[in-house]
Structure formats: structure tokens, C-alpha cells
Amino acid sequence: LLFGPVLCIQAATNILIKQTLVAQKQLKPEMPAGLTACGHHKKCTVLSGDHITLEGGTVLILRGIKAPEYWPVSAPYKSWPYGAKAKSALTQYLAGHPITLYCGKKKLTHAGEKIVHLMRDDNDWVQYWLVEKGHVYSFPAAGVAAGSASLWQSEKRARQQERGVRKKTSHTVGTANGKDANRRCYHYSAA
């Protein structure tokens, strides 16, 4: 009779041990379940902290994250604080590393950008690294669970350790009501 509950407890324990090892950098986070490999590329160009262009001109948007907006100086828009740093961090992180693309059910945005998760050739999950280092925000899409829990956990650590965009400066992300820090509705403010 106890066989079922014992297996559930063991499975939960294994998950907690795995999450602890990932948090302590003793184990690399895995690519989220439910995704399939949909391309391998040796070279890419970083457009921003969450947009990349492949050799053939295909634009990729990285699923599950939101980078501070980055615009070239000639653009009619203004970059967000930390936008250039996020772009630079991703450029350096991908330099010299072939990447494998992983796709879910929804493969394209309304603008024709390919929606992907990225894995470097050394098995580093790119989105996880960007969030963990504080270069971008975890930004789960409605109805898409792949990787959301892992990205949220890494964002919590980045926030606790005040990394990157999570540093307390005059440019900060706060809650919409300015009071409840546990809410997931944020606004950007430059004090």
C-alpha cells in the first residue's frame, strides 16, 4: 500500500537534489522537455539580448526570456538601460560556439521570427545562462511550460544576488503597484 507514495516521495527528492546541484553549478541545467532539435548552426550574429540572426538571414527570438530593449544609434527608438550590456554578454557567450536550436509547437512569431531555445556545443542552455547571470528577465509565454520553472528559479537567484538587470540602481524594475514585491506584474522606471 505504501509503494505509490514512497515512489512519489523518491521522485520529489530526486527533483530537489537535481535543482540543488544545478543551483550550486555542480550540474548543468537540461534543455526543457517537449522540445525537438530544429537546426544546428556554426555561426550567428547577435542583434540584442534575445534576438539572433543566422547566416542565411533567419531571425531567431529566444523563447522564455525578455532582454532589455537594444536599438542601434540610428534607430528612431532609444535603448533601455542595460540593453547594450545584454547584447554584449550574449555576443561574448556565443562567440566561437556552434548552437543547436530547439523548437516547441509554435515555431514562428507573427513577424516570421523563429521561436527557439538554444543550446551551445558544450551543452549550456543559453536562456538559462542569460537569466542566471542577470542579463535578461524570465518571460514565460502563455500556455508554454517548457523551461518556465527552471528559468523562474534562476531568476530568483539573480534577484537575490542582485546580478545584472537585478542590481538596485536608479534604473530598476518594480511592481506595477510599487508595493507588492511578490506580484509578477512589473513596470520599468528610470528614476
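This is a short talk on the strands, two buried residues, the enclosed spaces and two unusual backbone angles of one protein chain.

Before anything else, note that the model is predicted. The chain has 191 residues, and buried residues make up 34% of them. Its secondary structure comes to four helices and 10 strands. Read from the N terminus, the order of elements is α-β-β-β-β-β-α-β-β-α-β-α-β-β. If we take contacts between residues at least 6 apart in sequence, 54% of them join residues at least 24 apart.

Let me start with strand E3, residues 51-54. What covers the two faces of this strand, or rather, which residues sit on each side? His51 and Thr53 are on one side, Ile52 and Leu54 are on the other, and all of them are buried. In general, the side chains of a regular strand alternate between the two faces of the sheet.

E3 has a pairing partner in E2, residues 44-46, with three bridges in the antiparallel sense. One bridge to quote is threonine 45 with threonine 53 of E3. The two strands make a hairpin, and four residues lie between them.

E3 also pairs with strand E4, residues 59-62; these two run antiparallel and are joined by three bridges. Threonine 53 appears here again, with valine 59 in E4 as its bridge partner. E3 and E4 form a hairpin too, with four residues between the strands, and in that hairpin glycine 57 takes a positive phi near 100°. So much for the glycine; two other residues with positive phi come at the end.

Next, threonine 100. This residue is in strand E6, residues 99-103. Is it buried or exposed? Threonine 100 is buried, because its relative accessibility of 17% falls under the 20% cut-off. Leaving out residues up to four places away in sequence, threonine 100 touches Ala37, Gly39, His40, His117, Leu118 and Met119. With one of these, histidine 40, there is a polar contact between side chains at 2.9 Å. Another, leucine 118, is 18 residues away in sequence, yet the C-alpha to C-alpha distance to threonine 100 is 5.8 Å.

That contact list also contains His117, which is my second residue. Histidine 117 is in strand E7, residues 114-120. Its relative accessible area is 2%, and histidine 117 therefore counts as buried. What does its side chain contact? The side chain of glutamine 127, through a polar contact of 3.4 Å. With residues up to four places away again set aside, the neighbours that histidine 117 touches include Met31, Pro32, Leu35 and Arg63. Thr100, Leu101 and Tyr102 are also among them, as are Trp125, Gln127 and Ala146.

Now the empty space. As a general point, rolling a probe the size of a water molecule over the atoms shows where empty space is left.

How many cavities of 30 Å³ or more does a search of the whole structure find? One. The volume of the largest cavity is about 40 Å³. Its lining has 10 residues, and those nearest the centre are Gly64, Pro140, Ala141, Ala146 and Ser148. Ala146 was also named as a contact of histidine 117. Sorted by class, the lining of this cavity has five nonpolar, four polar and one charged residues.

The largest pocket holds about 530 Å³ of space. It is lined by 24 residues, with Asp50, His51, Ile61, Lys66 and Glu113 closest to its centre. His51 belongs to the E3 strand described earlier, where it is buried. Which element gives the most to this lining? E4 does, with three residues. E4 and strand E5, residues 65-66, each supply at least two. By class, the pocket lining has 13 nonpolar, five polar and six charged residues.

Last, the two backbone angles. Tyrosine 82 is not a glycine, but its phi is positive, about 80°. Tyrosine 82 lies in the loop between E5 and helix H2, which spans 83-94. Glutamate 162, likewise not a glycine, has a positive phi of about 50°. The loop that holds glutamate 162 runs between helix H4, 148-160, and strand E9, 171-175. Glutamate 162 is partly exposed because its relative accessible area is 35%, between the 20% and 50% limits.

That is the end of the talk.

How values were computed. Residues are numbered from 1 along each chain as its sequence is written. This is a predicted model: local features need pLDDT of at least 70, side-chain atom pairs count only at pLDDT 80 or more; totals for chains, interfaces and linings use all residues. Side-chain values use heavy atoms; hydrogens and water are left out. Buried means under 20% relative accessible area, exposed over 50%, partly exposed in between (1.4 Å probe, protein chains only). Two strands pair if DSSP finds at least two bridges between them. On a 1 Å grid over the protein atoms alone, a cavity is a set of points where a 1.4 Å probe fits but cannot get out, and a pocket is an open set with protein on both sides within 12 Å along at least five of seven lines; lining residues have an atom within 4 Å of a point. Grid points are joined across faces, edges and corners, and a volume is the space filled by probe spheres set on the points. Ala, Val, Leu, Ile, Met, Phe, Trp, Tyr, Cys and Pro count as nonpolar, Asp, Glu, Lys and Arg as charged, and the others, Gly among them, as polar. Contact means heavy atoms within 4.5 Å. A polar contact is a pair of N or O atoms within 3.5 Å; within protein, one must be able to donate a hydrogen and the other to accept it, and residues adjacent in sequence count only if both atoms are side-chain atoms.
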